[in-house]
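Subject: Structure for your review

Dear colleague,

Please find the structure below, followed by an account of what was found in it.

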Amino acid sequence: MGGYIIKRGASLILTLFAASFLVFAVTEFSPSNVARKTLGPFALQSQVDILYEKLGLQDPLAVRYTRWLGVLLGLKADPLQDPALGLQFKDPRGDKYFGNFGYSTLYKAPVNDVIWSRLKATAALAGIAFALIVPLSLLFGVLAGMREGSGLDRTISVFGIIATSVPEFASGVFLVAFFVVTLGWLPGTSPLDSGGGWPIWSQMILPVTVLVLYDAGYVVRMVRGSMAEVMNKAYIRTAVLKGLPMRDVVVRHAVRNAMIAPFTVILLQINFLISGVVVTEMVFAYPGFGRMILDASLFGDIALIEAATLIALTIAILTQLVSDVGYAVLNPQIRLA
Amino acid sequence: MTDDRDNPHLKTLTKQLADGRMDRREFIRHACLVGISAASAYAMAGVPMATPAKAQGAKGGLLRIGTRVKEIKSPHTYSWGGYDSNVSRQVLEYLTFTDEKGVTQPYLFEKWTVSPDLKTWTFNVRKGVKWSNGQDFTADHVIWNLKRVLEPAVGSSMIGLMKGYMLDDVTVDGKASTKIWSDKAIEKVDDYTVRLNCKTPQVAVPEHLFHYPMAIMHPDSKGVFEVGSLGTGPFTLTEFELGKKAVLKARKDYWGGAVGIDTMEQIDVGDDASAAIAALASKQIHGLVFADPGQYDALKALPHLNFYDVPTAETGVIRMRCDQKPFDNPKVRKAMRMAIDPEVVLKVALRGLGVAAEHHHCSPAHPDYAQIPPMKRDVAGAKKLLAEAGFPNGVSSELIVPNDHAWFQSQAEACVEMWKEAGITVKLTPMPGAAYWDVWTKVPMGTTIWYHRPLAIMCLGLAYRTGVPWNESGYSNKDFDAILTEAEGTLDMTKRKELVAKLETIMQEDGPLVQPVFRSTFTFMDKRVKGFSMHPTNYMFAWKLSVDA
C-alpha cells in the first residue's frame, strides 16, 4: 500500500508538470500578451513594447515556461515585482518563495492573495452540498434499489432523472422565481455579505439546493443500480431464505457490498463541486473559485489560470487516490500495487 | 473675482438667447461653461434654479448598489466610467461638475473666466477644501494632476480630449508622441489660481475637466488609488475586493458638509443579468448603476422599484479599421452604412429604448448636434458603391462583438442580415469583453461601447481625431481635424452647429463607422432611495443620496 501511494504521488507530480506545460502552451493562442494585459488597453504601444522586452516575453515557450516554474518553486524572483518596471506590484510574502504563483494581471494582486479566499468560499459551498448529497443519495439509492421495479423505485428514479436533466442555470432561475420573487423567503444572490439584510446562511440555501438537485439525482441512480445488482446476488437470496429479517439483509449484507461501486462516483463529485460549479456561482453571483476561473479564462490571466489548474488537478488526483485506497479497503479482492 | 456682468462672452450669449438661436437650456449650459455662475445664468434665462442637489431625506444608513467591481488602481487611465470611476468618484473629486442636464458648474474650481478669444482660461481653486489628511487643496495639486494626465507615458485618454489645444505632436525615438505645447500652457498664478493657456481656442475646457479620468488625486499617491487613498471627496474607501465589493465610509470633515448616508457599498452582481434582478427582488441591493434592456420587463414588474432614465449619446459603434482591406476604401465604408436601416436596429436591439442614429456619433442629446439629412437605407446604392470600389461581388469581413453588452449581439445580428442584401457577408465573432479590450484598436471590424459625453465635439475629438489614443479605427482626415479644432473654439452656437454639420457629413461620407442607434440609459432604484437622478454617463454621486428606513 505504501509503495502504491508513493508511486501515485510521483505520478501526481508528473501530471502537474504536464498539465501546467499544456496550459502554458495553450495560452499562446490567446490574443494579446502579459505586457498588454498588465498595462491595460489604453497604454501606449511603446510602453507595452518596453515591458514585453523586460519580461522576456520574446523568449521561446520552453524558456518562459522554465522561468515560470522557477518562480513557482521559489528559485527565481517574480519578474513582475521588479521595482524597476514601476508597476508597483508587491507581494507581502516577497518575490521569491516556494508556491509563488506570480501576479494576477486581472486582479492586479498576487495570485496567492486572490485564489485561496475564492477556494475557501467554494469549499464551503461544496462542503455543505456534499454533506447533503451523500446521505440523501445513499438513502434514496438504497430505498430504490432494495425493491427494484417497485413504486418507490420508479418514483425515486424518475425524480432522479428529472433533477439531473434540468441544467443548473434553469433550476437556479426556477428556484429564484419561486422562493425569491414570488414568496420573498430567500435572498436572490449570494455575495457572502450580510449587509443586505440577509444572513450568510440564508444566502447558501439556493445555490446548495441547485447543486444538490443536480448532483444527487445522478448519484442516487448510481447507488440504486449497484444496490439492485447486489440484491439479485445469490448470497442475498440465501440470507432471505434462511429467515433473516429484511432490515438485517439490507443493512448487514447488501449495503456494504452495494457501496463499493458508488464509492468512487461519490468521491469524484468533490472535483465537480470544486471546479465545476461555474454556472451556479454565476447565477447567484457567488464569489467562488469557479467564477474566478471563468473570469480569469475570459481575460486570459495566465498566472491565475495556471494556479487554478494546478489546484483543481491536485484535488482531482488526491480524491482519485483516496477513492482507489478506499475501494481496496471496501473490496478485499482488490490489491493495489 | 470678476462680476458676471463683466464676462466678455455674456453679450454674445444673451444676444443668441434673445434672437432665439439658443434656447434657455443652451443658454444656461453655455453661460456656466464660460464662467458665469449658475445662479446668474438661471436668473438671466428666467428659469428657476434647481433645488439643492443633496437629498432631503433621512440621515445616516447604508446604500448598496449593484455593479461590477473592477480594477480601480489607476484613475487617470480609467476606461470604464460606469464601473471603476463610480468607486473613486466618491473619494476623488473633479474640478468641474456636469449635471444630468448637461450644465457644467463649479466644483473644486469655484469660478472661472475665459478670454474673448477662448484661449486663456483662468480658474479659481475653491478655498477651504481639505484632503482627507487635513492638508489644504491648492493650485499645486491641480497642476500636478493636469500635467500627469497629459504625460504620454501615463496613457490617459485625456490626451485625446486636450490634444488639440494643449499638446504638440513630437517624435521620440522614432515613434510618434505628444508633449505639452508650451512651458506656460499650465500656469500657476498663485496658490489658488490656475491658468490654462491654450494653443487654439477651446470652448469645452470645463466639460473636459469632468471627463472621468480627470479625477483629482493627491500627488503623494503617485497615481495609485487604493484603500485609504487620500481624497477631497465625501467618502474614504475602506474595503475593496475586486469582483466582490467596495465599501466607502462617509467623512465627518468633508468640506461640502454632512452627507445623507454613512456607508456606500458597491456589490459585484456579475455579468449574469438574472443575478442583478434576483438581488433587487430580494432587496439585497437598493439599485443598479445601470440596467440592460433585457432586464427591463422583469425589473418593471417589481413594485418597490422606481424607474429612472435619460436620453444619452451612449452607443455601440461598429467601427472599421481604415488601414485594413476592404475598409481602406471610403466607398466600402459608406456602403456599409447605406445598407443599414437604423429604425430596424432600434426596434430589434434596444426594444425602442433609445433613438435612431445617423452614423456620425453626434446625438440629439448633444447641444451641438446639427440636423442633417438622415442617411436612408439604400441597398442598390450600397451595391453600386461596392462595385465602384472594385468589389462588384460584394465584400466579406468578420465583426468582433464583445459580450459584455447584451444588446450588441442583437444589433450585430440585425446589421448582418441587412448587409447580406447588399452583398456584404459578415461573420459574427462574439468575444469576452475583457479580451476585446486587448484587440479593440486592431481588429478590422469591432463593436465598441462609447459612453455619453456632454458635447458632440468631445465624442468626435476622442474617437476620430488623427493619432489620439482612442482613435480605434485609425481614421485620419485633415479636413475633419481642422474643422473639429475650429468647432472646439467656437462659442456661437449657430456657427458651431454649422461646423458640426460639416463634421457629421464627413462622417457619413468618409467616416470609419456604422452607428445605427443611441440608447437611453436607465436603471431601477428602491423607492426608499431619495435624491437619485440618472446621469447620462451612469455616474453615481453618493453625496446626493439618502435612504429612508
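I begin with a turn in chain B. In the hairpin formed by S4(B) and S5(B), five residues lie between the strands, and B:Leu118 takes a positive phi near 60°. Please bear in mind throughout that this is a predicted model.

The two strands of that hairpin, S4 (residues 109–114) and S5 (residues 120–125) of chain B, run antiparallel and are joined by five bridges. Within this pairing, B:Lys111 stands opposite B:Asn124 of S5(B).

S5(B) is also joined by five bridges to strand S9 (residues 193–197) of chain B, again in an antiparallel arrangement. Here B:Asn124 has B:Thr193 as its bridge partner in S9(B), while B:Thr120 stands opposite B:Asn197 in S9(B). B:Asn124 therefore serves as a useful landmark, since it faces B:Lys111 and is also partnered by B:Thr193.Taken together, these strands belong to an open sheet of four strands in chain B, with the order S4-S5-S9-S8 and antiparallel pairing. S4 and strand S8 (186–190) of chain B stand at the edges with a single partner strand each, so one side of each has no neighbour in the sheet. From one strand to the next, the twist averages 25°. Helix H5 (residues 139–149) of chain B lies across S5, S8 and S9 of chain B and runs at about 180° to S8(B).

Which elements does the next helix of chain B, H6, pack against? Helix H6 (residues 158–166) of chain B is mostly covered, with nine of its nine residues buried. Among them are B:Met158, B:Ile159, B:Lys163 and B:Tyr165. The buried residues of H6(B) pack against H5, strand S6 (167–172), strand S7 (175–180), helix H7 (205–208), helix H15 (456–463) and helix H16 (478–488) of chain B.

I turn now to chain A. This chain is divided into domain 1 (2–109) and domain 2 (113–330), and the C-alpha centres of the two domains lie 34 Å apart. The contact between them involves 21 residues of domain 1 and 19 residues of domain 2. On the domain 1 side, helix H1 (2–26), helix H2 (34–39) and strand S1 (103–104) of chain A each give two or more residues. H1(A) gives the most to this side, with eight residues. By class, the residues on the domain 1 side comprise 11 nonpolar, eight polar and two charged.

A pair of helices in chain A also deserves mention. Two packed helices are described by the angle between their axes and the distance between the axes. For helix H5 (residues 111–146) and helix H8 (residues 200–231) of chain A, the axes come within 6 Å and cross at roughly 35°. H5(A) passes H8(A) in a right-handed crossing. The contact of H5(A) with H8(A) has 23 nonpolar, four polar and two charged residues.

Finally, I come to the contact between the chains. It takes 38 residues from chain A and 39 residues from chain B. On the side of chain A that touches chain B, H2, helix H3 (45–54), helix H7 (168–182), helix H12 (278–283) and helix H13 (289–299) of chain A each supply at least two residues. This side of chain A has 21 nonpolar, 11 polar and six charged residues.

Yours sincerely,
A colleague

Notes: Residues are numbered from 1 along each chain as its sequence is written. Chains are lettered from A and ligands numbered from 1 in the order in which they are written. This is a predicted model: local features need pLDDT of at least 70, side-chain atom pairs count only at pLDDT 80 or more; totals for chains, interfaces and linings use all residues. Domain bounds come from an automatic or database domain assignment. Two residues are in contact if their C-beta atoms, placed from the backbone, lie within 7 Å. Ala, Val, Leu, Ile, Met, Phe, Trp, Tyr, Cys and Pro count as nonpolar, Asp, Glu, Lys and Arg as charged, and the others, Gly among them, as polar. Axes are lines fitted to C-alpha atoms, for helices over the stretch in contact, and angles run from 0 to 180 degrees between N-to-C directions. A crossing is left-handed if the near helix is turned anticlockwise from the far one by less than a right angle, and right-handed if clockwise. Two strands pair if DSSP finds at least two bridges between them. A residue is buried if 20 or more other C-beta atoms lie within 10 Å of its own, exposed if 12 or fewer, and partly exposed in between; C-beta atoms are placed from the backbone.
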